[in-house]
Structure formats: structure tokens, C-alpha cells
Amino acid sequence: MINKNHIEDLALFGGARQFSTPKPTSNLVRPDFEKFLGYSRTFIEQHQYTNGSLVKLLEQRLAEFHQVKHCVAFSSGFWALALAIKALALKGKDEIVMPSFTYRRMADIAAWTKLKPHFCDMEEATLANSAATVRPCINNNTALILGVHPIVNFCDIDGLAALAKEKNIPLLFDSVESVYESYNGKKIGCFGAAEIFSMGASKLVNGFEGGYITTNNANLAAQLSLMRDFGFQGQDKVAVSGGLNARLNEVHAAMALAGLDDLEDQVVRNRDRYHTYQRLLATLDGIRLLEFDESQRPGYKNIVVEVLEDWPLSRDDTVRVLNAEMILARAYYTPPLHRKRMDYPYITAELPVTDRLAERLILPPCGHLVSNEDIAGIVELLKFMRANAVEITQRLRTKEMQ
Ligand SMILES: Cc1ncc(COP(=O)(O)O)c(C=O)c1O
């Protein structure tokens, strides 16, 4: 299936690439074009490009989907998160407890809200924060706890909720990676004070860009919808300060609505890709697939694998070789945020689990542009790399010295 017999055949060492088009880790799902055009006709005919009926319809559909009372849509997940943090953080306190092993802009979002990220460690079993990892970071300055769902399964929903209640600190969930899931029979979207989601092109619901918040708190929803719209009420009465233009526009809502219509079909396709990886990786030693808990309705959007002790290449060398073949695998959440240079204040202790696992995880290609045949080719290539690991490593080190 792959045309590699010798390490010279690897693209990194001058051979032909395995794929002629990139195989990304980004979902890039494309809903039915006619459906997208059908929704788009509404704003074209009404000459209503923002504040129109499609955003309202999308909010209603998302609230139904997540079985929650309110949904407020935003221009991005970034601004949904920033404004939710601003609305929820306890006044007069300035720390937000968040994992370090997460989305690369998470600390920047906190800095926009003038809060200091206080990084907590994660659980080895979930790759996410938990009551046990958050508790040591709570102090008199804690304004908010941010629970972030990892790509596979969940952070400690119940533990964080109990801790937030005990300490009387608001709890916000970043649920960007858990759109489709249910947790013990309840849809993700109704936990904590609010949950935030993204509709960027790499996400389960592709709105080109966009984000939203779900909550059962009517006051919070009303405040957030004012904040995304300059803080104005009516013509230009300033109802809340710190508002900005973070509205979702109608064309993005049209795309997201078409995506919602196709969601069930998409999840079937995602599941098929996941099961192909599961079946084929079982025949390869040294790389472990992180398994979804299939009883919690996963959306199977991304695939995460761990490079085990007996994998004979480093994680980074593995990614380099793959990337040269147009297999755009990526190191998962690397470097962790507490290892990045930041020019704003933050707080961190030693985060041993984060540091250890940050060296071991890979996101292999998945999503709309990746077929089962591609996955078979990727696993074949990994087998070839395993069999030729000593030579590959030597060649890489020699290449670096040149
Ligand atoms: C976990 C997480 N939170 C928040 C965001 C921000 O979303 P957006 O890209 O829509 O601004 C992202 C984006 O990738 C993310 O992965």
C-alpha cells in the first residue's frame, strides 16, 4: 500500500510524498452546499446581514440541541469565552484557575479579561483538570474556575461542580471539544454556570468562524447578549460596560445551521474513521489510541494517540517524518501553556503530569478530508517507521548537524 522500501523513500530524506494533498487534523466539514445556500437566501432577500433571523434560529436550535434554556452566539469561541469569563468572574479577585495542557490561546483570553491564569495540573487518566488538581490552586484571589474538556472524553464535571459549590466560586466549562457528548445521560451544555463552544472550521459545527454560550441562567444570557453588541440597549443606551462587537453574522449562522442539519451523518462518518484507527492501530505496537467512552455519545471529531515507552522514535521525530509525507499530524497541546513565553503575569507550580504527557501525544489526521484508505496508509507508514527507527533516528541527527 505504501511505496517505501528503504528510508531514502521517506519524503523527509528526498523520497516521493505519500500523499499529494495534505491530510489535516482539522475537521473542515463541509455541509450540504444547497442547504447552506437555502439558509443564505433568507439574509440576502431580507437585506439583513447581522442581528437577523438566522442567528436567532441558530441560538434556538443550539439551545434545543444542548437541552438548555439559553444560547447566545458570538463571532468566535475566543470572544464567547472572554465575555463569559468577564461576566462570571468574582469582582475584586484576579485569578482564573485553568489547565496548562489546553488550547494554545487560553491564557491570552484570560489576559484580555485582566485576570491572571493560575495553571493547574491534569489527571493522567483524563488529560484534563479535576477537583484534585484545581483545589491546590484555589486561594482568596480566585475569581473563577475553568473546567476544560479534553479532546477525548471529559474533565471532572462532578468533582469541579462540588468544589465550586464548596468554595462559592463560579465554574465555567470550555466544552469546545465535547459538543455532541452526553454526560451520564445529560447533554453537555447544561453544566456549571455556563459552557462555551466554538464554531470555527475545525470544529464539529462549522460556521466558518463563530462561538456560543449555553446556560440556564436568564440574567447571564441577557447580560452576555448585551456585551456582544457594544453593551448597548436600544439605540445607544449603555446598559453594560466593557461591551464590544462580538456578534455572529448571518452568513456564519447559515453555515452553522446547514452543519447542524448534517450533524448526525457527520458523526457516523467520524465514528467510522475512529473505528478504522482503532482496528488498525491494534496491529501496531508502541502507539496507543486514546479511546472514547462510547456510552457517552462522543462526536469522534479528533483522534489522539500516545507514543508509548516501546515506540522507538521520539514523538517529535515521528511528527516530522509524517509531516514531510503531507500527513499533517500535530503534537497535542504542545508546549503546555506554563512552558510558553508570556508577557503578562501568571501563576504556576510544578505540573509534573502535564510536563510528562506533553511529550507523548499526537493528533493524527482526521475529519472530512481523510478517508479510511488514507488511515490505512498512515498506519502502514508508522509500521515502516517502527521497523526502520534506528536508521531514521541516525539520519535525522546527522541531518541536524549539517
Ligand atoms: C478548547 C478551545 N477553546 C476555545 C477555542 C477558541 O475558539 P475560536 O477558535 O472559535 O476562537 C478553541 C479554538 O480552537 C479551543 O480549541
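Two strands count as paired when DSSP finds at least two bridges between them. With that in hand, let's walk through this structure, which is a predicted model.

Start with the sheet. Eight strands make it up, and it is open, with mixed pairing and the order β1-β9-β8-β5-β4-β2-β3-β15. At its edges stand β1 (70–74) and β15 (347–348); each has a single partner strand, so one side of each is left without a neighbour in the sheet. Helix α2 (residues 53–66) packs on the sheet, where it touches β1 and β9 (211–215). The direction of α2 makes about 130 degrees with that of β1.

Now move along to β2, which sits between β4 and β3 in the strand order. On one flank, β2 (residues 95–99) runs parallel to β4 (residues 142–148), and three bridges join the two. If you would like to find this pairing on screen, look for Val97, whose bridge partner in β4 is Ile145. Ile96, for its part, stands opposite Leu144 in β4. On the other flank, five bridges join β2 to β3 (residues 116–120), again in a parallel arrangement. Here Ile96 turns up once more, with Pro117 as its bridge partner in β3. To get from β2 to β3, the chain passes through helix α4 (residues 106–112), and this β-α-β crossover is right-handed.

What about the two faces of β2? In a regular strand, side chains alternate between the two faces of the sheet. In β2, Glu95, Val97 and Pro99 lie on one side, Ile96 and Met98 lie on the other, and all of them are buried, so both faces are covered. Being buried here takes 20 or more other C-beta atoms within 10 Å of a residue's own. Because five of the five residues of β2 are buried, the strand is largely enclosed by the rest of the structure.

Let's finish with helix α10 (residues 315–324). Its buried residues are Arg315, Thr318, Val319, Val321 and Leu322. Viewed down the axis of α10, these buried residues fall within an arc of 165 degrees, so they line one face of the helix. Several elements cover them, including the strands β13 (305–307), β14 (330–331) and β16 (361–363). The helices α12 (372–387) and α13 (389–401) are also among what covers the buried residues of α10. After α10 comes Met326, a residue with a positive phi near 75 degrees.

Notes:
Residues are numbered from 1 along each chain as its sequence is written. This is a predicted model: local features need pLDDT of at least 70, side-chain atom pairs count only at pLDDT 80 or more; totals for chains, interfaces and linings use all residues. Helices (H or I, at least four residues) and strands (E, at least two) are DSSP runs, numbered from the N terminus. Two residues are in contact if their C-beta atoms, placed from the backbone, lie within 7 Å. Axes are lines fitted to C-alpha atoms, for helices over the stretch in contact, and angles run from 0 to 180 degrees between N-to-C directions. A residue is buried if 20 or more other C-beta atoms lie within 10 Å of its own, exposed if 12 or fewer, and partly exposed in between; C-beta atoms are placed from the backbone. A crossover is right-handed if, with the strands pointing away from the viewer, the path from the first strand over the helix to the second runs clockwise. The arc is that of the directions from the helix axis to the C-beta atoms.
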